[in-house]
Amino acid sequence: MAVSAAKKTNGKPGPKHNIETVRQAYYQRIAKHHMTPLWKVMSSIITKEPVSRCVPVVWHFDDVKSLVLESGGLITTEEAKRRVLILENPALRGESKATNTLFAGIQMILPGEVAPAHRHVSAAIRFVLDGEGAYTAVEGEKAFMSPGDFVITANWAPHDHGNPSNKPMLWLDVLDVPAVNFFETSFTENFDEPMQKTTRQDGDSLSFYGSGVLPDGTPAMNRTPVINYTYARTRPIVARMMAAGEIDKRHGARVRYANPITGGSVLPTMGAWLAMLPKGFRGEPHRSTDGTIFVCAEGRGTTDVEGEILDWGPNDVFVVPPWKRHSHNALKASVLFSISDRPAQEALGIWREGD
Ligand SMILES: [Fe+2]
């Protein structure tokens, strides 16, 4: 018997051929007490460098658009609440994740439809892909959206959508749902009224807070008060940076969407960037610990992720997993939007980057 073998040696390991048997019996005994030996799992839980389960992937808009349009004939927004097709990382199927911490989906609202008002702890951003004139109402401001617009719905902010235009509107939704669920802190609430009362004009928040002045007495907030960072306003800034030669060797002419009160990220859990790459740009390889979702707003190019080539064109969405060395190459002058959990990692002191 393994146990008696151990006893005979006064608790010291017995003969070599018995030691594994003794250990197994011990592991089984401690398992009954919900315990397990660290030395069996140490190298898999404290890894030498980041290990991601997610893989590089690209969703081409031609496929995405026709499949999402097809859903319009299958289910109404009223029935679906949100008519969204989730972009699932192929290595994380069934988990509603594009990366380990970010949810991504393509949402469509058809002409005349309304997506009813609600709120949730998970923060959301939208990046508009196609259509014109649908709106997102957030915290009393109705933001009419155009392609390239970047719309913020912060933690617990009431929001609803509608499309009074005569064309379908499609946008990319990115939410911090997997991160919120990791902490097991999800709440949500629906409102009786499908549409919230609007108390502000379209563009008020950008004008009030995003113009180099602030309403006097504005308190500091951990997220931006701006609802819609319009493409019409942000694109000329990156174009001007590019013309001035302010081009980062890895990222191109890139701006970070900022909370205008603190200069911090737009949301505590997610940060976003817009970059213009000149035609022929060959970016230097780099890597960072934040898995990133990119959208090609304009142009055409490729991203090399450790030898895997993702080719992208207008409205294609692609994922670069954490700590994967990657470089962008632009075949045409291009604009890339990107979003990641970097602010959350920075707040926790765990964000790293490297060559
Ligand atoms: Fe929502």
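What spacing do the donors of the iron ion follow along the chain? They follow H-x1-H-x38-H, and the section on the metal site below fills in the details.

## Overall picture

This is a predicted model, and its mean pLDDT is 94, with 95% of the residues at 70 or more. The exception to keep in mind is the stretch of residues 1–8, where the pLDDT is below 50. Beyond near neighbours in sequence, that stretch has six contacts in the model. Where pLDDT is low, the predicted coordinates should not be read in detail.

The protein has 355 residues, of which 46% are buried. Its secondary structure comprises nine helices and 22 strands, and its C-alpha atoms fill a box of roughly 85 × 50 × 50 Å along the principal axes. Among contacts with a separation of 6 or more, 74% join residues that are 24 or more positions apart.

## The iron site

Let us return to the metal. The iron ion has H118, H120 and H159 as its protein donors, each through its NE2 atom, at 2.1 to 2.2 Å. H120 belongs to strand β4 (residues 114–120) and H159 to strand β9 (residues 159–162), so this pair ties together parts that are 39 residues apart in sequence. Both H120 and H159 are buried.

## Strand β10 and its partners

Strand β10 (residues 169–175) is worth a closer look. Seven of its seven residues are buried, so the strand is largely enclosed by the rest of the structure. In a regular strand the side chains alternate between the two faces of the sheet. In β10, M169, W171, D173 and L175 point one way, while L170, L172 and V174 point the other way. The residues on both sides are buried, D173 included.

Two strands pair with β10 in the antiparallel sense. Strand β3 (residues 103–109) is joined to β10 by seven bridges, and strand β5 (residues 124–130) is joined to β10 by six. V174 in β10 has a partner in each: A104 is its bridge partner on the β3 side, and I125 stands opposite V174 from β5.

## The nonpolar core

In soluble globular proteins, nonpolar side chains tend to be buried together. Here the largest nonpolar core has 45 residues. Which of its members touch the most other members? They are I125, F150, L172, V174, I293 and F337.

V174 links this core to the strands just described. Leaving aside residues up to four places away in sequence, V174 touches L102, F103, A104, A123, A124, I125, M270, I293 and I339. That list includes A104, its bridge partner, and I125, which stands opposite V174.

## The six-stranded sheet

Another region to explore is an open sheet of six strands in the order β1-β19-β16-β21-β14-β13, with antiparallel pairing. Its edge strands are β1 (57–59) and β13 (253–256), each of which pairs on one side only. From one strand to the next, the twist averages 20°. At the β1 edge, three bridges join β1 to β19, and V58 stands opposite F318. Helix α8 (residues 231–243) packs on the sheet, where it touches β13, β14 (271–277), β16 (292–298) and β21 (334–340). The direction of α8 makes about 50° with that of β14.

## A three-stranded sheet and two unusual loop residues

A further open sheet has three strands in the order β18-β17-β20, again with antiparallel pairing. Its edge strands are β18 and β20, each pairing on one side only, and neighbouring strands are turned by 20° against each other on average, direction ignored. Five bridges connect β17 with β20, and D304 stands opposite S327 in β20.

Most residues other than glycine have a negative phi, and most peptide bonds are trans. Two loop residues here have a positive phi. E306, in the loop between β17 (301–305) and β18 (308–312), has a phi of about 45°. W323, in the loop between β19 (317–320) and β20 (326–330), has a phi near 60°.

Are E306 and W323 buried or partly exposed? E306 counts as partly exposed, at 45% relative accessibility. W323 has a relative accessible area of 14% and is buried.

Technical notes. Residues are numbered from 1 along each chain as its sequence is written. This is a predicted model: local features need pLDDT of at least 70, side-chain atom pairs count only at pLDDT 80 or more; totals for chains, interfaces and linings use all residues. Side-chain values use heavy atoms; hydrogens and water are left out. pLDDT is the predictor's confidence in each residue, from 0 to 100. Contact means heavy atoms within 4.5 Å. A nonpolar core is a set of buried Ala, Val, Leu, Ile, Met, Phe, Trp, Tyr and Cys residues joined through side-chain atoms within 4.5 Å. Buried means under 20% relative accessible area, exposed over 50%, partly exposed in between (1.4 Å probe, protein chains only). Donors are N, O and S atoms within 2.8 Å of the metal (3.2 Å for Na, K and Ca); water is not among the atoms, so sites may look incomplete. Helices (H or I, at least four residues) and strands (E, at least two) are DSSP runs, numbered from the N terminus. Two strands pair if DSSP finds at least two bridges between them. Axes are lines fitted to C-alpha atoms, for helices over the stretch in contact, and angles run from 0 to 180 degrees between N-to-C directions.
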